[in-house]
Amino acid sequence: MDTEEQHDEPERDRSSASEEEAEGRSRFARLALYAGVVLGALLLTNAFVMQPFLIPSSSMDPTLRVGDRVLVNKLAYRFGDGPQRGDVIVFDGTDSFSADADPDANSVTTALRKAGAATGLVPPAETDYVKRVIGVGGDLVRCCDRRGRIEVNGRPVNEDYLHPGDAPSAVPFETRVPEGRLWVMGDHRAKSSDSRDHLGDPGGGTVPVDRVIGRADWIGWPLGRIGSLPAGADGDDD
């Protein structure tokens with residue numbers, strides 16, 4: 001009797017351990033499935049609806065500060081009107097603000113960087129920019145009038161969003177924005193490399209509308225700056 005009891009005990013132990021292992025594998029599989037579903041949902045949201053964007057420079061200060069995470073609304077221009085004057089947009093500046101991406105770049109590093117940028121954890125690609133729309137297709141944009149203001153179609157623009165102490169532009173210019181393109185500038189004019197700096201490039205400093213990734217509608221981080229971005233002024237009648 002004692003011999004049988006001694007023989008049965010390890011059998012029960014092995015059976016119990018096997019069940020625990022199976023339960024552990026099942027729990028891990030469920031967690032992996034849930035994580036995959038959540039990741040898939042985040043990727044789909046990021047690709048088609050909303051994308052975080054880490055502000056890498058002071059070119060949009062004080063509206064956006066270095067380190068802010070903005071939420072870019074990718075549906076803003078998908079149905080209906082395109083970008084409007086005063087909108088803060090994120091766009092791909094390839095062939096307008098910057099050259100093509102480095103063809104010799106490591107594909108794995110590039111993929112990891114894109115994934116990090118897509119979550120707002122690392123700075124965006126060097127070809128991605130955030131600026132404010134000043135002129136749209138057909139607009140005549142010039143600087144400056146006798147009071148030093150930018151004019152769009154002969155009307156002075158009231159730019160309350162400008163960085164304190166900045167002039168609307170230290171560089172005089174006049175340009176007609178081609179249809180399907182945008183004239184964009186940073187709110188911190190003294191620190192912004194924008195359409196003014198690319199007048200001699202293809203497109204004359206303007207950005208194709210189809211290169212717009214989306215409209216920056218909200219600041220999602222840090223906590224003290226969470227909120228929606230106010231719309232920029234269109235013009236001033238005085």
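Q: How much area does the chain expose, and what share of it do carbon and sulfur atoms supply?
A: The chain exposes about 13,700 Å², and carbon and sulfur atoms supply 55% of that. Areas like this come from the Shrake-Rupley method with a 1.4 Å probe, and for residues only the protein chains shown count as cover. A quick heads-up: this is a predicted model, where local features need pLDDT of at least 70 and side-chain atom pairs count only at pLDDT 80 or more, while totals for chains, interfaces and linings use all residues. Residues are numbered from 1 along each chain as its sequence is written, and side-chain values use heavy atoms, with hydrogens and water left out.

Q: What makes some parts of the chain higher in confidence and others lower?
A: That comes down to pLDDT, the predictor's confidence in each residue, from 0 to 100. The chain's mean is 81, with 67% of its residues at 70 or more. Strand E9 (residues 181–185) has the highest confidence, at 98, and helix H2 (residues 107–118) the lowest, at a mean of 55. Where pLDDT is low, the predicted coordinates should not be read in detail.

Q: Which helices and strands does the chain have, counted by number?
A: There are 2 helices and 12 strands. Helices here are DSSP runs of H or I with at least four residues, strands are E runs of at least two, and the numbering starts at the N terminus.

Q: Why are E7 and E8 called edge strands?
A: Start with the open sheet: its 4 strands come in the order E7-E6-E5-E8, with antiparallel pairing. Strands E7 (155–156) and E8 (173–176) each have a single partner strand, so one side of each has no neighbour in the sheet.

Q: How do you know that E6 and E7 pair?
A: Two strands pair if DSSP finds at least two bridges between them. Strand E6 (residues 150–152) is joined to E7 by 2 bridges, so the rule is met. One bridge to look for puts Val152 opposite its partner Arg155 in E7.

Q: Why is the Cys143 and Cys144 pair called a disulfide?
A: The label needs a pair of cysteine sulfur atoms within 2.5 Å. Here the sulfur atoms are 1.6 Å apart, so the pair qualifies. A search of the whole structure finds 1 disulfide.

Q: Is Cys143 buried or exposed, and what about Cys144?
A: Buried means under 20% relative accessible area, exposed means over 50%, and partly exposed is in between (1.4 Å probe, protein chains only). Cys143, at 4%, is therefore buried, while Cys144, at 24%, is partly exposed.

Q: What makes Phe91 and Phe97 an edge-to-face pair?
A: Rings of Phe, Tyr and Trp (its six-membered ring) pair if their centres lie within 6.5 Å; planes under 30 degrees apart count as stacked, over 60 as edge-to-face and the rest as tilted. That rule gives 4 aromatic pairs. In this one, the centres are 5.3 Å apart and the planes stand at 90°, so it is edge-to-face. Phe97 and Tyr129 are edge-to-face too, at 5.3 Å centre to centre and 70° between the planes. Phe91, Phe97 and Tyr129 form one aromatic cluster.

Q: Why does Trp221 count as partly exposed?
A: Its relative accessible area is 43%, so Trp221 is partly exposed. Trp221 lies in strand E11 (residues 212–221). Contact means heavy atoms within 4.5 Å, and, leaving aside neighbours within four places in sequence, Trp221 is in contact with Gly67, Asp68, Arg69 and Ile226.
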